[in-house]
Amino acid sequence: MPKNVWLLVIGTFINITGSSLIWPLNTIYMHDHLGQSLSVAGFVLMMNAGATVLGNLVGGYLFDKFGGYRSIMLGISITVFSLIGITIWHGWPHYVYFLIVMGFGSGIVIPAMFALVGAVWPEGGRKGFNAIYLAQNLGVAVGPALAGPIAEMSFDYLFISNLGLYILFLLLALITYRHMVPVIEKEKSETIVESHSSKANFYSLLILCSAFLLAWVAYSQWSTTLSTHIQGLGIGLKEYSLLWSINGLLIITLQPIISPHVQKYEKQIKAQLVVGMLIMMFSFSIILFAESFKMFAIAMMVLTLGEIFVWPAVPTIANMLAPKGKGGTYQVVVNSIGSIGRMIGPFVGGIIVDVYNMDALIIVLCGLFIIGIIPCLIYDRPLKRKNSQYTNHIPEN
């Protein structure tokens, strides 16, 4: 990979490791240390997710208007400001205010990073997005593993550690991201300029993102309704946390093995999406019969295999669909849809469990994956109808 891509990968790892120090312990801190109810804590996290969606929208606009460097620096600066606030004032309600600001700042950074990796290495195709995805999951594996021991000593140390990581990210971006200039192949540029006036690309993206939304609604249950269900079966919090370590480490292990095969069949990206959705659906069907930690661990392993096919593919397709100058906008759509899925998923899942039971929720989630396969198969129909010559730029079976 080019040097610029490696720098973006390193920045992503630092960014996600920093955010992962706090997100697994937010509910515990607000409930056990600030004396708030679980419903209040859940509402605060929903506001944090809403701020992230807003940040996604702003980040995509800023990327297209001012470039990746300025938008990333703004997002990091806002996040550092919020972390300075949390480090000094982490009582109630100050914690809420700074957590919302943090969500907005990090929301600006994420789509800009995805858009920038596609811009500086267009010939890399899926490789650049796979690298960013791998860095994210490495951060998810490392962050929570560090957070527990640090928080046991003091939450103050946790906030200070998080601030230190984001200052490191700020310095990395300040020194190395300034001179990253997008590279656009001439032939591709000319073709995309011709399609700039067409709405077909954007319609195709929205169709694809409908499947992405359904997948995230289901996936988000692992950190909400399923966590309660797992502990209700007598499986401890430590074992539940271990499931996420399995997720991160398995991605790091499997990604280098699967990537060569995925790249070999890169033009068959529709098939990869469908296979990934089916595997993720199968993981939830395992939960119907899971009563022990071992069975939930198997379900998590299967889920992880499925997400390796799906999560990096969607921003890759978005980058291929994006007209010139709209890379940031298209990535923000993808990230916003994912954030919306994470925001509404716990609410929908909670209602189904309260009204019916966990088995009913699992059946509904499996149905969502089946429905989600349809957009994966037809997302490029608007583009084909508009002009068949543009289908060469969209991967198909």
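**Exercise 1.** Classify valine 355 as buried or exposed, and place this residue in its helix and surface patch.

*Solution.* Valine 355 has a relative accessible area of 53% and is therefore exposed (buried means under 20%, exposed over 50%, partly exposed in between, with a 1.4 Å probe and protein chains only). Its place is in helix 15, residues 327-355 (helices are DSSP runs of H or I with at least four residues, numbered from the N terminus). Val355 also contributes, with Ile344, Phe347, Val348, Ile351 and Tyr356, to a nonpolar surface patch of about 600 Å².

The model is predicted, so local features need pLDDT of at least 70 and side-chain atom pairs count only at pLDDT 80 or more, whereas totals for chains, interfaces and linings use all residues. Residues are numbered from 1 along each chain as its sequence is written, and side-chain values use heavy atoms, without hydrogens and water.

**Exercise 2.** Find which residue forms a salt bridge with lysine 270, and state what the pair ties together.

*Solution.* The search of the whole structure yields 1 salt bridge (a side-chain nitrogen of Lys or Arg within 4 Å of a carboxyl oxygen of Asp or Glu). The partner of lysine 270 is aspartate 380, with the closest N and O atoms 3.0 Å apart. Because lysine 270 lies in helix 12 (residues 269-287) and aspartate 380 in the loop between helix 16 and helix 17 (381-386), the pair ties together parts that are 110 residues apart in sequence. Lysine 270, at 6% relative accessibility, counts as buried, and aspartate 380, at 2%, also counts as buried.

Terms used. Patch = residues over 30% accessible without salt bridge, like charges linked within 9 Å, V, L, I, M, F, W, Y side chains within 5 Å. Areas by Shrake-Rupley, 256 points an atom, 1.4 Å probe, with all protein chains shown as cover. Helix = DSSP H or I, 4+ residues; strand = E, 2+ residues; numbered from the N terminus.
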